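Please open the model in a viewer and keep the selection tool at hand. The tour proceeds from one selection to the next.

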Amino acid sequence: MKTFGSVSTEMEIQSSAREAWALYGAVGLTVITVPKYLAAVDIVEGDGGEGSIAKLTPLSGSPYYEKFTKVDDKHMVKETEITQGAFLDLGFTLYRIRFENIPTGKHSCITRTTIEWDVKEEYVANSSRVSILPSINIANDIEAYLLANEKKHKDSK
């Protein structure tokens, strides 16, 4: 028997949904996550689009692998699932992260992050290790990055 769980958060980003999606949608997120959260992100299969597999190496700990199970540029939705290591080593049978960018105005959007998981019953206590906080930190970093680059672009004119 397995136990299912999910957690999500929404954050307003002061940038257009398309600009935010340029980072979330493909491997652009590596600009934000390396070196602050990860030592390396390597695409080991595919081109960074749907079906691609990435090897993520944390600053401390063992590398793990994610598959990009959905990359929908039209609707600005990306889903990844861990395929090896990390939570799967802790009794999880599924660990999925979904990023969605929802336009709210010309220069604003909502970024919704959802984490879904299944864990074997005997490892259900490990569900407490799931945290939405890293996604909140990354969303804040994305907004700061976009605002800083917007300012640089304006200053260069």
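Begin by selecting Phe92, which counts as buried at 3% relative accessibility; buried means under 20% relative accessible area, exposed over 50%, and partly exposed in between, with a 1.4 Å probe and protein chains only. The model is predicted: local features need pLDDT of at least 70 and side-chain atom pairs count only at pLDDT 80 or more, while totals for chains, interfaces and linings use all residues. Residues are numbered from 1 along each chain as its sequence is written, and side-chain values use heavy atoms, with hydrogens and water left out.

**The aromatic residues around Phe92**

Add Tyr95 to the selection; Tyr95 is buried, with a relative accessible area of 6%. Rings of Phe, Tyr and Trp (for Trp, the six-membered ring) pair if their centres lie within 6.5 Å; planes under 30 degrees apart count as stacked, over 60 as edge-to-face, and the rest as tilted. By this rule the count comes to four aromatic pairs. One of them joins Tyr24 and Phe99, and this pair is tilted, at 5.0 Å centre to centre with 40 degrees between the planes. Tyr24 lies in helix 1 and Phe99 in strand 6, so the pair ties together parts that are 75 residues apart in sequence. Helices (H or I, at least four residues) and strands (E, at least two) are DSSP runs, numbered from the N terminus. Tyr24 and Phe99 are both buried. Phe92 and Tyr95 form an edge-to-face pair, with 6.3 Å centre to centre and 80 degrees between the planes. Select Phe87 as well, since Phe87, Phe92 and Tyr95 form one aromatic cluster.

**The nonpolar core**

A nonpolar core is a set of buried Ala, Val, Leu, Ile, Met, Phe, Trp, Tyr and Cys residues joined through side-chain atoms within 4.5 Å. The largest such core has 32 residues, of which Tyr24, Phe92, Tyr95, Ile115, Trp117, Val130 and Ile142 touch the most other members. At least two residues of this core come from each of strand 1 (2-13), helix 1 (17-24), strand 3 (53-58), strand 4 (64-72), strand 6 (92-105), strand 7 (108-120) and helix 3 (133-155). Helix 1 supplies the largest share, five residues. In soluble globular proteins, nonpolar side chains tend to be buried together.

Centre the view on Trp117 next. Apart from its neighbours within four places in sequence, Trp117 is in contact (heavy atoms within 4.5 Å) with Thr3, Phe4, Gly5, Ser6, Val7, Phe92, Leu94, Tyr95, Ser127 and Val130.

Which residues of helix 1 are buried? Select Ala17, Ala20, Trp21, Leu23 and Tyr24. These residues cover an arc of only 155 degrees around the axis, which puts them on the same side of helix 1; the arc is that of the directions from the helix axis to the C-beta atoms.

**Salt bridges**

The structure holds seven salt bridges, each being a side-chain nitrogen of Lys or Arg within 4 Å of a carboxyl oxygen of Asp or Glu. Select Lys36 and Asp141, whose closest N and O atoms are 3.2 Å apart in a salt bridge. This pair links distant parts of the chain, 105 residues apart: Lys36 is in the loop between helix 2 (30-33) and strand 2 (38-45), and Asp141 is in helix 3. Asp141 counts as buried at 17% relative accessibility.

Move to Arg96 and Glu116, a salt bridge with its closest N and O atoms 2.7 Å apart. Arg96 is in strand 6 and Glu116 in strand 7, 20 residues apart. Arg96 is buried, with a relative accessible area of 18%, and Glu116 is buried, with 14%. To show the wider network of salt bridges, select Glu79, Glu81, Arg96, Arg98 and Glu116.

**Further stops**

Show Phe68 and Lys78: Lys78 lies over the face of the Phe68 ring, at 4.2 Å from the ring centre. A charge sits over a ring if NZ of Lys or CZ of Arg is within 6 Å of the ring centre and within 35 degrees of the ring normal.

Finish at Lys74, in the loop between strand 4 and strand 5 (77-84). Is this residue buried or exposed? Lys74 is exposed, with a relative accessible area of 65%.
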